[in-house]
Each structure stands twice: as structure tokens, then as C-alpha cells.
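Here are my notes from going through this one, in numbered points. Have the viewer open beside you as you read.

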Amino acid sequence: MTLLLFRHAPAAPADPDVAAAAGADTADAARALTPRGRRRFKPMVRAVGRMGFRVERLLHSPLRRAVETAELLVPVVEGTTAVCAELAAPPGEALLAQLQGECVALVGHEPWLGETVRLLTGAASLGIRWCKGGLVVLEGQPVAGGMRIAAVVSPRWVR
Amino acid sequence: MSALRLDPWVQALRASIARTDAEAVHDLRVATRRIDTFLRMAGTRVLRDDLRWLRQAAGPARDLDVLCGRPWPEPTRRLLDERRLCAHADLAHALATPRAGALLTALAGVPPLPRAKARAAFPPMLRRLRTLRVDPADPEQVHRRRRLLRRVRYAAELLHRPTDPLVRLQDALGALSDSCLLHRALPEAASPAALQDALRAADAAWTRYAPRLKDLE
């Protein structure tokens with residue numbers, strides 16, 4: 001399996017009014033991508049298409065910035081999309097059980113995406129700073145320790 | 001000019017999930033369809049597969065709720081009641097999954113739809129309905145028209161446009177849908193003549209009301 005892990009594109013900070021009215025979690029969930037964040041991520045989507053990845057299944061966190069990043073990835077999705085609660089929490093078996101197919105993409109958040117990579121590769125540390133809109137490509141079997149890092153792509157490299 | 005908000009339908013979906021009566025299943029399916037229409041008008045693809053998943057999870061329960069509302073001989077009633085219980089248990093299982101909860105969280109973050117964008121999305125939907133080629137003798141094709149018709153109706157309601165011909169057509173095609181449901185679920189109890197009658201009535205309704213659809217543009 002090829003697994004594409006995207007950190008969400010740059011988003012606006014949480015609205016303090018929403019935080020005061022509905023709580024910090026609600027305000028965090030409502031953070032939208034900034035116009036600049038969208039602009040920065042679009043070349044990444046084109047690059048993923050040029051690299052020949054055809055995503056069978058796109059799983060994304062339910063938080064707005066991840067949903068909006070997933071929407072930008074739709075041009076490279078040939079299968080289905082699904083909202084995945086496990087991408088907004090520390091990774092575990094429930095997430096790994098959903099990794100089925102030849103080419104799957106995830107859109108999520110740090111630090112959980114990094115923990116997902118560590119879980120799947122068995123690596124103690126990633127050794128990279130995963131910037132927003134960045135991509136890590138894994139290959140192998142989607143079980144703990146069953147994958148290896150095939151590529152790391154920063155959005156700065158694909159403008 | 002104010003934008004269109006999804007909140008009322010997300011609240012309706014949330015409320016239908018919290019209830020356990022038969023109408024709740026119907027309300028859940030309607031809410032998912034209305035939200036799907038909203039997202040289509042916004043040009044959004046993500047979350048629509050999740051809505052379809054939820055709607056399909058509720059489909060067997062709704063079908064059996066409809067069938068159980070009819071009079072049946074005792075053995076058939078027992079069989080349908082058993083199937084209905086299983087279908088509702090399957091639906092309850094789907095609604096308890098993290099995916100269902102995550103879908104509600106994600107829908108709460110969908111931004112308002114600018115009215116101008118929604119208005120621009122309506123005429124192509126209506127044109128697609130008007131120009132869809134359908135064999136009036138083929139229940140599957142007529143059903144496809146009904147699905148499209150329902151979507152156009154929800155879009156019209158979102159925009160506060162008149163819906164009279166759409167509602168009348170949907171009622172006429174709904175009778176056909178009930179007949180098809182019976183053929184699918186209990187073919188031994190279904191009458192081929194009734195299905196043909198329903199197809200003829202649906203075609204007559206289309207011939208009568210379709211010319212009025214142009215006025216909705």
C-alpha cells in the first residue's frame with residue numbers, strides 16, 4: 001500500500017469570540033484555511049497528480065481545516081472520501097483498521113500524524129519538521145512497523 | 001444579502017439521530033439529502049460520501065418501516081417485523097460509530113453558502129432534470145428522475161422559490177417508489193399490474209407538470 005499523509009494547510013487562529021461562547025475545542029474545530037493557506041496547498045495537489053498518485057480512499061479529520069484541505073485534494077481522488085474521527089486523536093488500531101486499498105490518503109494534524117508515521121514505521125523519531133500542507137509518503141503493509149518512508153515533500157518545494 | 005446556512009439541517013440530522021421512532025429514520029434520510037443538496041450547490045465533494053453512507057445505513061430500516069405500515073397476513077407480518085428489528089439494530093450500530101459523530105462535527109464547520117453562488121447552481125440542476133432522458137417503462141430510470149427531482153425541490157426550497165410542480169411530481173413518483181419497494185422486498189406479494197399502473201401514472205404526471213418546470217428558472 002502507498003499511504004499519503006498530509007498535514008492540513010495553514011489555517012486561521014481560533015476565533016476568541018467563538019472560544020468564549022462555545023469553548024476552546026469548538027473554536028479550534030471551526031478554524032478555516034486562510035486564503036494564503038489554500039494558495040500554498042494547490043501546487044501540492046498538482047504535484048501529487050503529476051507524481052501519478054491516484055487516491056482510492058481519502059480519510060480526513062472532522063476539523064474544518066482538515067475538511068477544507070481534503071476538499072482541495074479531491075482532483076486526485078478516484079474513489080471515496082470519509083470523515084475519520086481517529087485522525088483527530090492519538091493513532092491506534094481503530095485508525096490502522098481503516099487503511100485498506102492500494103493508495104490511501106490521510107489529512108490530519110500534528111502531533112498525531114507524526115505519531116502515526118512512528119507507529120507504522122517503527123521509527124523512534126521522524127527527524128523532520130512537518131510543516132502545514134506537507135506530505136509524507138509511506139509504503140508497505142499498514143500494520144505497526146510494517147511501512148517505510150518513501151518520500152517527504154514540503155509545500156515549499158512544489159511551488 | 002445574507003448567506004444560506006446549513007445549521008437548521010444539521011440540527012435536524014442531530015435530532016433525528018437522537019430519536020428512536022420510525023419517523024426519525026425518515027427525518028434522518030431527508031436531512032442527509034437536504035445537506036447533500038446544500039453541499040452540491042456549494043460545489044463541495046467532501047462529506048457527501050459520508051452522508052450517502054449514513055443514508056444507506058438507514059435505507060433498509062426505512063423500507064421496512066414503510067412495509068410494516070401496511071396490512072399483512074400474520075406470517076408475513078411476523079417476517080417483516082423480524083427484518084425490521086434487525087434493520088433498526090444495524091442502523092443503531094452505524095449511528096453509534098465514531099464516523100457518525102465525526103460527520104456531525106464536520107458538518108458543524110461547513111461555512112454559509114453565498115446566496116449568489118446558490119442561485120447560480122440552481123438553473124443547471126433544473127436543466128439536468130428537464131433534459132434527462134427516461135424510458136417511462138423502466139422503473140430504474142424513472143427512479144433516477146425522482147432522485148434528481150427531489151434534489152431540485154430541496155434546492156428550490158433552500159432558495160425560497162416556488163415548488164408546486166416539483167411537489168406534485170414528487171408525490172406522483174413517490175407512489176411508483178412504494179410499488180417498486182414492494183417488488184424488491186416481497187416479490188411474491190407484489191402485483192405486476194399495480195407496478196404498471198404506477199409507471200403509467202408517473203408518466204402522466206411528468207407529461208402534465210414538466211412544461212411548468214421551465215417557469216422555475
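1. Which helix of chain B holds B:Ser179? That would be helix 8, covering residues 164–185. Before going further, keep in mind that this is a predicted model. With a relative accessible area of 12%, B:Ser179 is under the 20% limit and therefore counts as buried. Setting aside residues within four places in sequence, its contacts are B:Ala194, B:Leu195 and B:Ala198.

2. Helix 8 of chain B also takes part in a salt bridge, so stay there for a moment. B:Asp164 pairs with B:Arg212 through their side chains, at 2.6 Å from N to O. B:Asp164 sits in helix 8 and B:Arg212 in helix 9 of chain B, so this pair links distant parts of the chain, 48 residues apart. Neither end is hidden away: B:Asp164 is partly exposed at 33% relative accessible area, and B:Arg212 is partly exposed at 34%.

3. Another helix-to-helix pair in chain B deserves a look. B:Asp65 and B:Arg84 form a salt bridge, their closest N and O atoms lying 2.5 Å apart. B:Asp65 belongs to helix 3 (residues 48–68) and B:Arg84 to helix 4 (residues 74–95) of chain B, so the bridge ties together parts 19 residues apart in sequence. Here the two ends differ in cover: B:Asp65 is buried at 10% relative accessibility, while B:Arg84 is partly exposed at 28%.

4. Over all chains, the structure holds 22 salt bridges. Chain A has one between A:Glu139 and A:Arg148, with 3.1 Å between the closest N and O atoms. A:Glu139 is partly exposed, at 31% relative accessibility. Chain A also has a network of salt bridges linking A:Asp28, A:Arg31 and A:Arg65.

5. That network leads to helix 4 of chain A (residues 64–73), which is mostly covered, with nine of its ten residues buried. A:Arg65 is one of the buried residues, and others include A:Arg64, A:Glu68 and A:Thr69. The buried set also includes A:Ala66, A:Val67, A:Leu72 and A:Leu73.

6. Now for the nonpolar interior. In soluble globular proteins, nonpolar side chains tend to be buried together. The largest nonpolar core in this model has 98 residues, and the members touching the most others are A:Leu4, A:Phe6, B:Met41, B:Leu47 and B:Leu107. Helix 9 of chain B (residues 192–213) gives the most to this core, with nine residues. A second core of 20 residues lies apart from the 98-residue one, and its members include A:Met1, A:Cys84, A:Val104 and A:Val117.

7. What does A:Leu4 contact beyond its neighbours within four places in sequence? The list includes A:Val48, A:Phe53 and A:Val55. It also takes in A:Cys103, A:Val104, A:Ala105 and A:Leu106, along with A:Leu135, A:Val136 and A:Val137.

8. Is B:Phe122 buried or exposed? It is buried, with a relative accessible area of 0%. You will find B:Phe122 in helix 6 of chain B, residues 115–131. Leaving out neighbours within four places in sequence, B:Phe122 is in contact with B:Val152, B:Ala155, B:Ala156, B:Leu159, B:Arg161 and B:Leu216. For one of these partners there is a backbone distance too: the C-alpha atoms of B:Phe122 and B:Leu159 are 8.8 Å apart, with their positions 37 residues apart along the chain.

9. On the outside, have a look at the nonpolar surface patch of about 370 Å² made by A:Ile128, A:Ile149, A:Val152 and A:Trp157. A:Ile149 lies in strand 6 of chain A, residues 147–153. Its relative accessible area is 35%, so A:Ile149 counts as partly exposed.

10. Finally, the interface. Contacts between the chains involve 15 residues of chain B and 16 residues of chain A. The two chains bury about 1300 Å² between them, and carbon and sulfur atoms give 61% of that. B:Arg45, B:Val46 and B:Ala102 supply 39% of the area that chain B buries against chain A, more than any other three residues. How many salt bridges are there between chain B and chain A? The count is zero.

How values were computed: Residues are numbered from 1 along each chain as its sequence is written. Chains are lettered from A and ligands numbered from 1 in the order in which they are written. This is a predicted model: local features need pLDDT of at least 70, side-chain atom pairs count only at pLDDT 80 or more; totals for chains, interfaces and linings use all residues. Side-chain values use heavy atoms; hydrogens and water are left out. A nonpolar core is a set of buried Ala, Val, Leu, Ile, Met, Phe, Trp, Tyr and Cys residues joined through side-chain atoms within 4.5 Å. Buried means under 20% relative accessible area, exposed over 50%, partly exposed in between (1.4 Å probe, protein chains only). Helices (H or I, at least four residues) and strands (E, at least two) are DSSP runs, numbered from the N terminus. Contact means heavy atoms within 4.5 Å. Patches are made of residues with over 30% relative accessible area and no salt bridge: like charges are joined within 9 Å, nonpolar side chains (Val, Leu, Ile, Met, Phe, Trp, Tyr) within 5 Å. Accessible areas come from the Shrake-Rupley method with a 1.4 Å probe; for residues, only the protein chains shown count as cover. A salt bridge is a side-chain nitrogen of Lys or Arg within 4 Å of a carboxyl oxygen of Asp or Glu. Buried area is the accessible area (1.4 Å probe) that two parts lose on being put together, summed over both.
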